[in-house]
Amino acid sequence: MQIGQVFRVVLQSGAAPPLRGKVREISPQIDTLTHTQRIKIALQDASADFRLGTLVTAYIDEVAEAATRIPVTALFERDGKTFVWVVDPKAETVSDRQIEIGARDGQSVSVRSGLEQGVRIVIAGVNSITSGQRVRILKTERP
C-alpha cells in the first residue's frame, strides 16, 4: 500500500455508482489489537450519498495497478501539470507530452494516461531540454 494507490469505492447500500479514490494518508501506527492500519482515501467526484460516516467497501483498482511504470527522473512539471519528453525516432527530436500519474514510490511512478506502450521517453536531464531539440538515441537490442 502506498500514497497515490487507486481504489474503487462502493457504497454498501448500493445507492450510488462506484467511485475512484486515491490513498492520501496512511497511518504510521498499527492497531495492536486488530493488526490493521488506518488509511484515508480521497474520493474523486463524490456525490452527496458519500457523506462522512457512510459505510463503503474499497477495492484495489487492478486496471490502475497494471499501468506502465517509468522512472521519476523522466518527469518534469510546468504550470502544475506533469510532463515527459517523448522521442521521435525518425527525426531524433523530442516533444513534451502531458501525462497523468498514479502511484509513486521512491524511484518510479505509474502512468495512468497520456503515454502509450512502446513510446520512447527521455529519462535523464529532462530539465535542460527544449521542445524540438535533437537527441542522440542509444541503440539497444530488445529480447
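Asp45 lies in the loop between strands S3 and S4. Strands are DSSP runs of E with at least two residues, helices are DSSP runs of H or I with at least four, and both are numbered from the N terminus. The model is predicted, so local features need pLDDT of at least 70, side-chain atom pairs count only at pLDDT 80 or more, and totals for chains, interfaces and linings use all residues. Residues are numbered from 1 along each chain as its sequence is written, and side-chain values use heavy atoms, with hydrogens and water left out.

Asp45 is not a glycine, yet its phi is positive, at about 55°. Most residues other than glycine have a negative phi. Asp45 counts as exposed because its relative accessible area is 73%. The classes of accessibility are buried (under 20% relative accessible area), exposed (over 50%) and partly exposed (in between), with a 1.4 Å probe and protein chains only. His35 also has a positive phi, of about 60°, and is not a glycine. This residue sits in the loop between strand S2 (19–30) and S3. His35 is exposed because its relative accessible area is 64%.

Strand S3 holds Ala42. Ala42 is partly exposed, because its relative accessible area is 30%. Its C-alpha atom is separated by 8.6 Å from that of Arg20, and the two residues are 22 apart along the chain.

Strand S3 also contributes to a pocket. On a 1 Å grid over the protein atoms alone, a pocket is an open set of points with protein on both sides within 12 Å along at least five of seven lines, whereas a cavity is a set where a 1.4 Å probe fits but cannot get out. Lining residues have an atom within 4 Å of a point. Grid points are joined across faces, edges and corners, and a volume is the space filled by probe spheres set on the points. The second largest pocket has a volume of about 410 Å³. Strands S3 (37–43) and S4 (56–60) each supply at least two residues of its lining. S3 gives the most, with four residues. Among the lining residues are Val9, Ile39, Lys40, Phe50 and Arg51. By class, the lining of the second largest pocket has eight nonpolar, two polar and two charged residues. Here Ala, Val, Leu, Ile, Met, Phe, Trp, Tyr, Cys and Pro count as nonpolar, Asp, Glu, Lys and Arg as charged, and the others, Gly among them, as polar.

The largest pocket holds about 560 Å³ of space. Its lining numbers 20 residues, and Val87, Arg120, Ile121, Val122 and Ile123 lie nearest its centre. Strand S5 (residues 68–71) provides the largest share of this lining, four residues. The lining of the largest pocket divides into eleven nonpolar, four polar and five charged residues.

Aromatic rings were examined next. Rings of Phe, Tyr and Trp (its six-membered ring) pair if their centres lie within 6.5 Å; planes under 30 degrees apart count as stacked, over 60 as edge-to-face and the rest as tilted. Two aromatic pairs result from this rule. Phe76 and Phe83 are stacked, at 5.6 Å centre to centre and 20° between the planes. Phe76 and Trp85 are stacked as well, at 4.8 Å centre to centre and 20° between the planes. These ring pairs link Phe76, Phe83 and Trp85 into a cluster. Phe76 and Phe83 are both buried. Phe76 is classed this way because its relative accessibility is 7%. Trp85 is buried too, because its relative accessible area is 4%. Arg78 joins the picture: its charged end sits over the ring of Phe83, 4.4 Å from the ring centre. A charge sits over a ring if NZ of Lys or CZ of Arg is within 6 Å of the ring centre and within 35 degrees of the ring normal.

Two further buried residues have contacts across the sequence to report. Thr93 lies in strand S8 (residues 93–104). It counts as buried because its relative accessibility is 18%. Thr93 and Ser131 are 38 residues apart in sequence and 7.9 Å apart in space, C-alpha to C-alpha. Leu115 is found in the segment after strand S9 (108–113). Leu115 is buried because its relative accessible area is 15%. The C-alpha atoms of Leu115 and Gln98 are separated by 8.6 Å, and these residues are 17 apart along the chain.

Confidence varies along the chain. It is given as pLDDT, the predictor's confidence in each residue, from 0 to 100. The protein chain averages a pLDDT of 84, and 92% of the residues score at least 70. Among its elements, strand S7 (residues 81–88) has the highest mean pLDDT (94) and helix H1 (residues 62–65) the lowest (54).
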